[in-house]
Amino acid sequence: GHNGLKSIEQHLGTAHYKRLRMGIGHQGAMNLAEYVLEPFNLEELTDLTSIIDRGSEVLLRLIKEDIAQVMNATNTVPRAPPEESIDL
């Protein structure tokens with residue numbers, strides 16, 4: 001959260017650093033503060049390993065590659081292939 005970022009900036013002595021943001025999938029059903037403190041549900045637990053693995057991959061890329069290149073590759077939402085049309 002905001003206070004966590006302020007703490008990081010204070011320790012680093014700068015506000016300029018690479019940062020990996022991972023969403024929590026909040027659906028608006030409850031207060032956000034309550035939501036982040038709730039235990040993971042079964043679906044979230046099932047997905048957790050792949051989410052952590054993906055985050056690790058992105059962090060390794062951030063160490064080795066240009067941040068803009070990593071952001072473009074990571075933040076791009078894959079498009080569904082266009083549906084084929086059949087002429088009758």
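Helices here are DSSP runs of at least four residues, and strands are runs of at least two, numbered from the N terminus. With that in hand, the count for this protein is 4 helices and 0 strands. Along the sequence, the pattern reads α-α-α-α.

This is a predicted model, so a word on confidence, pLDDT, which runs from 0 to 100. The protein has a mean pLDDT of 82, with 84% of its residues at 70 or more. Which helix has the highest mean pLDDT, and which the lowest? Helix H3, residues 42–64, has the highest at 90, and helix H2, residues 32–37, has the lowest at 75. Where pLDDT is low, the predicted coordinates should not be read in detail.

Next, the surface. The protein has 88 residues, and 6% of them are buried. About 8,200 Å² is exposed, and 57% of that comes from carbon and sulfur atoms.

One part of that surface is a nonpolar patch made of Leu 32, Val 36 and Leu 37. Together these residues have about 320 Å² of accessible area. Leu 32 belongs to helix H2. Is Leu 32 buried or partly exposed? Its relative accessible area is 47%, and buried would require under 20%, so Leu 32 counts as partly exposed.

Now to helix H3, starting with Ser 50, which lies in that helix. The side chain of Ser 50 reaches the backbone oxygen of Asp 47 at 2.9 Å. Ser 50 is itself partly exposed, at 45% relative accessibility.

On to charged pairs. How many salt bridges does the structure hold? There are 2 salt bridges in the structure. As background, side chains of opposite charge can pair when their charged atoms come close.

One salt bridge joins the side chains of Arg 54 and Glu 57, at 3.6 Å from N to O. Where do Arg 54 and Glu 57 sit relative to one another in the helix? They are 3 residues apart in helix H3, so about one helical turn separates them. Both ends of this pair are partly exposed: Arg 54 has 37% relative accessibility, and Glu 57 has 45%.

Another salt bridge links Glu 65 with Arg 61, and here the closest N and O atoms are 3.0 Å apart. Glu 65 is partly exposed at 25% relative accessibility. Arg 61 is also partly exposed, with a relative accessible area of 25%.

The last residue I will discuss is Leu 62, also placed in helix H3. Is Leu 62 buried or exposed? Its relative accessibility is 8%, and the cut-off for buried is under 20%, so Leu 62 counts as buried.

What does Leu 62 touch, leaving aside residues up to four places away in sequence? The contacts are Lys 18, Ile 67 and Val 70. Take Lys 18 from that list: in sequence, Leu 62 and Lys 18 are 44 residues apart. In space, their C-alpha atoms are 7.7 Å apart.

To recap, the predicted model has 4 helices and 0 strands. Helix H2 contributes Leu 32, a member of the nonpolar patch. Helix H3 holds the pair Arg 54 and Glu 57, as well as the buried residue Leu 62. That is the end of the presentation.

Terms used
Residues numbered from 1 in each chain as written. Predicted model: local features only at pLDDT ≥ 70, side-chain atom pairs only at ≥ 80, totals over all residues. Heavy atoms only, no water. pLDDT = per-residue confidence, 0-100. Buried < 20%, exposed > 50% of the residue type's maximum accessible area, 1.4 Å probe, protein only. Areas by Shrake-Rupley, 256 points an atom, 1.4 Å probe, with all protein chains shown as cover. Patch = residues over 30% accessible without salt bridge, like charges linked within 9 Å, V, L, I, M, F, W, Y side chains within 5 Å. Salt bridge = Lys/Arg side-chain N within 4 Å of Asp/Glu carboxyl O. Polar contact = N/O pair within 3.5 Å; in protein donor to acceptor, adjacent residues only side chain to side chain. Contact = heavy atoms within 4.5 Å.
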